[in-house]
Amino acid sequence: IARRYGNAEDETLTLISLGFLAHRQGQAACAQERTAAGLALAQRQGFPALKAQAIHNLGFFARAAGDLALTRRNYEQAVSLYDRLGHRREAAQARNNLGGVLFRQYEIEAADAVWSDALAVLESVGDMVTAADVRRNLELITEVRETSDESDAEAASVEEIDQEENDANT
């Protein structure tokens, strides 16, 4: 309908939305195809917010396919575009997703920084639902650090025991 009436922006949004719907229904190829078409149209017509949305969605699809490198690139690009546009809430949501990738790639400090930034923005714009998700993600950081501290303490104890055994044998 949007194409018939010559509304390129509505057509772009429709393609991106249909792509995400196809993703939700497990139709990966259709999701990719429609979102890529929406992205191409957004680029041609100069709709930067829709371009960011399409790239963000492509990040979801890449994550579902298990491609963390592509997921990360898409989320980083979406964050950058949203930041340039001043779309703080969307940038924070993309940062939340990026933090998940960083966490899975064992970049704990980077994930902590990204999630902390996202939380501050989400709370400031009143998106308490996503802020709650980010708080849970930050709890994972705390758990990892506590586990790491315990492992370090255990390793130090083992080193002390080894040293004591060496001292006793000399």
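## A walk through a seven-helix chain

Start with the whole chain in cartoon view: you will find seven helices and zero strands. What you have open is a predicted model. Trace the chain along its sequence and the pattern reads α-α-α-α-α-α-α.

Now switch on the surface. The accessible surface comes to about 10,000 Å², and carbon and sulfur atoms hold 49% of that. If you colour by burial instead, 36% of the 170 residues count as buried. Contacts are worth a look too: among those with a separation of 6 or more, 49% join residues 24 or more positions apart.

Next, select residues 8–24, which form helix 1, together with residues 48–64, which form helix 3. Hide the rest for a moment. How do these two helices pack? Their axes lie 10 Å apart, at an angle of about 15°. An angle under 35 degrees counts as roughly parallel, so helix 1 and helix 3 are roughly parallel to each other. Rotate the view until one helix lies over the other, and look at the handedness: helix 1 passes helix 3 in a left-handed crossing.

Time to show side chains. On helix 1, pick E9, T12, L13, I16, G19, F20 and H23, the residues that make the contact from that side. On helix 3, their counterparts are L50, Q53, A54, N57, F60, F61 and A64.

Finally, colour this selection by residue type. Which classes do the residues of the contact divide into? Eight are nonpolar, five are polar and one is charged in this contact of helix 1 with helix 3.

Conventions
Residues are numbered from 1 along each chain as its sequence is written. This is a predicted model: local features need pLDDT of at least 70, side-chain atom pairs count only at pLDDT 80 or more; totals for chains, interfaces and linings use all residues. Side-chain values use heavy atoms; hydrogens and water are left out. Axes are lines fitted to C-alpha atoms, for helices over the stretch in contact, and angles run from 0 to 180 degrees between N-to-C directions. Helices (H or I, at least four residues) and strands (E, at least two) are DSSP runs, numbered from the N terminus. Angles under 35 degrees count as roughly parallel, over 145 as roughly antiparallel, 65 to 115 as roughly perpendicular and the rest as oblique. A crossing is left-handed if the near helix is turned anticlockwise from the far one by less than a right angle, and right-handed if clockwise. Contact means heavy atoms within 4.5 Å. Ala, Val, Leu, Ile, Met, Phe, Trp, Tyr, Cys and Pro count as nonpolar, Asp, Glu, Lys and Arg as charged, and the others, Gly among them, as polar. Buried means under 20% relative accessible area, exposed over 50%, partly exposed in between (1.4 Å probe, protein chains only). Accessible areas come from the Shrake-Rupley method with a 1.4 Å probe; for residues, only the protein chains shown count as cover.
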